[in-house]
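Got the viewer open? Load the model, switch to cartoon view, and follow along stop by stop.

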Amino acid sequence: MKLRQKGDGMEKAFTNEAEFEEKYERFLGDLPQAGEEIRDGHARMESSFRDYLDAFEKWVFRHAYECGYAAAMEESLVKGYRVKFWQNDGTEEHLEFDSMERAQTFYDSLDGLAEIQQYSEERHGYEAIIYPEFEY
């Protein structure tokens with residue numbers, strides 16, 4: 001650390017780095033301990049700061065999740081209706097539609113071997129609203 005040295009108007013406060021380290025360690029050793037009130041205040045402040053960070057992280061996650069969900073809904077990834085039907089080999093297929101009328105037209109073309117499902121916002125999934133009736 002320089003204060004002033006002859007010739008350029010500056011002079012060194014410490015002759016070398018070792019002297020600085022020695023005096024700095026002595027300074028730290030001579031510092032008085034903080035009182036109980038200060039230590040308690042510091043503990044409360046640290047606890048409050050951790051609570052703040054936790055709340056902030058939750059807020060960031062909630063915001064990111066809601067933005068992602070809103071973007072997905074805007075992209076119309078989920079259509080309002082779908083028709084579930086079965087291929088000849090028994091495999092299940094789905095075809096999504098924007099309107100009940102289009103779903104109904106496709107359903108009618110399958111001669112009752114299908115079901116119309118409607119998307120439920122509450123359940124985040126499809127529920128059957130029209131389905132085949134089989135006799136026993």
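**The whole chain**

Start with the full cartoon: the protein has three helices and six strands, where helices (H or I, at least four residues) and strands (E, at least two) are DSSP runs numbered from the N terminus. Trace it from the N terminus and the order is β-β-α-α-β-β-α-β-β. This is a predicted model, in which local features need pLDDT of at least 70 and side-chain atom pairs count only at pLDDT 80 or more, while totals for chains, interfaces and linings use all residues. Residues are numbered from 1 along each chain as its sequence is written, and side-chain values use heavy atoms, with hydrogens and water left out.

Now turn on the surface. About 11700 Å² is exposed, and carbon and sulfur atoms supply 52% of that (Shrake-Rupley method, 1.4 Å probe; for residues, only the protein chains shown count as cover). Of the 136 residues, 15% are buried, meaning under 20% relative accessible area, with exposed over 50% and partly exposed in between (1.4 Å probe, protein chains only).

**Stop 1: strand S3**

Select residues 81-86, which make up S3. Five of these six residues are buried, so the strand is largely enclosed by the rest of the structure.

Add residues 92-97, strand S4: S3 and S4 pair in the antiparallel sense over six bridges (two strands pair if DSSP finds at least two bridges between them). Look for Trp-86, whose bridge partner in S4 is Glu-92. The two strands form a hairpin with five residues between them, and Gly-90 in the turn has a positive phi of about 95 degrees.

Next, show residues 114-120, strand S5. S3 pairs with S5 too, in the antiparallel sense over five bridges, and Lys-84 stands opposite Glu-115 in S5.

**Stop 2: the core**

Which residues form the largest nonpolar core? Show Tyr-81, Val-83, Phe-85, Phe-97, Ala-103, Tyr-107, Ala-114 and Ile-116 as spheres: those are the eight. A nonpolar core here is a set of buried Ala, Val, Leu, Ile, Met, Phe, Trp, Tyr and Cys residues joined through side-chain atoms within 4.5 Å. S3, helix H3 (100-108) and S5 each give two or more residues to this core, and the largest share, three residues, comes from S3.

Click on Phe-97. Not counting residues up to four places away in sequence, its contacts (heavy atoms within 4.5 Å) include Tyr-81, Val-83, Ala-103 and Phe-106.

**Stop 3: Gln-117**

Move to Gln-117 in strand S5. Is it buried or exposed? At 6% relative accessibility, Gln-117 counts as buried. Its side chain makes a polar contact of 2.5 Å with that of Arg-82 and another of 2.7 Å with that of Glu-115. Polar contacts are pairs of N or O atoms within 3.5 Å; within protein, one must be able to donate a hydrogen and the other to accept it, and residues adjacent in sequence count only if both atoms are side-chain atoms.

**Stop 4: the rings**

Finally, colour the aromatics. There are 10 aromatic pairs, counting rings of Phe, Tyr and Trp (its six-membered ring) with centres within 6.5 Å; planes under 30 degrees apart are stacked, over 60 edge-to-face and the rest tilted. Phe-14 and Phe-20 have ring centres 5.3 Å apart and planes at 75 degrees, so they are edge-to-face. Phe-14 is buried at 17%, while Phe-20 is partly exposed at 28%. Ring pairs link Phe-14, Phe-20, Tyr-24 and Phe-27 into a cluster.
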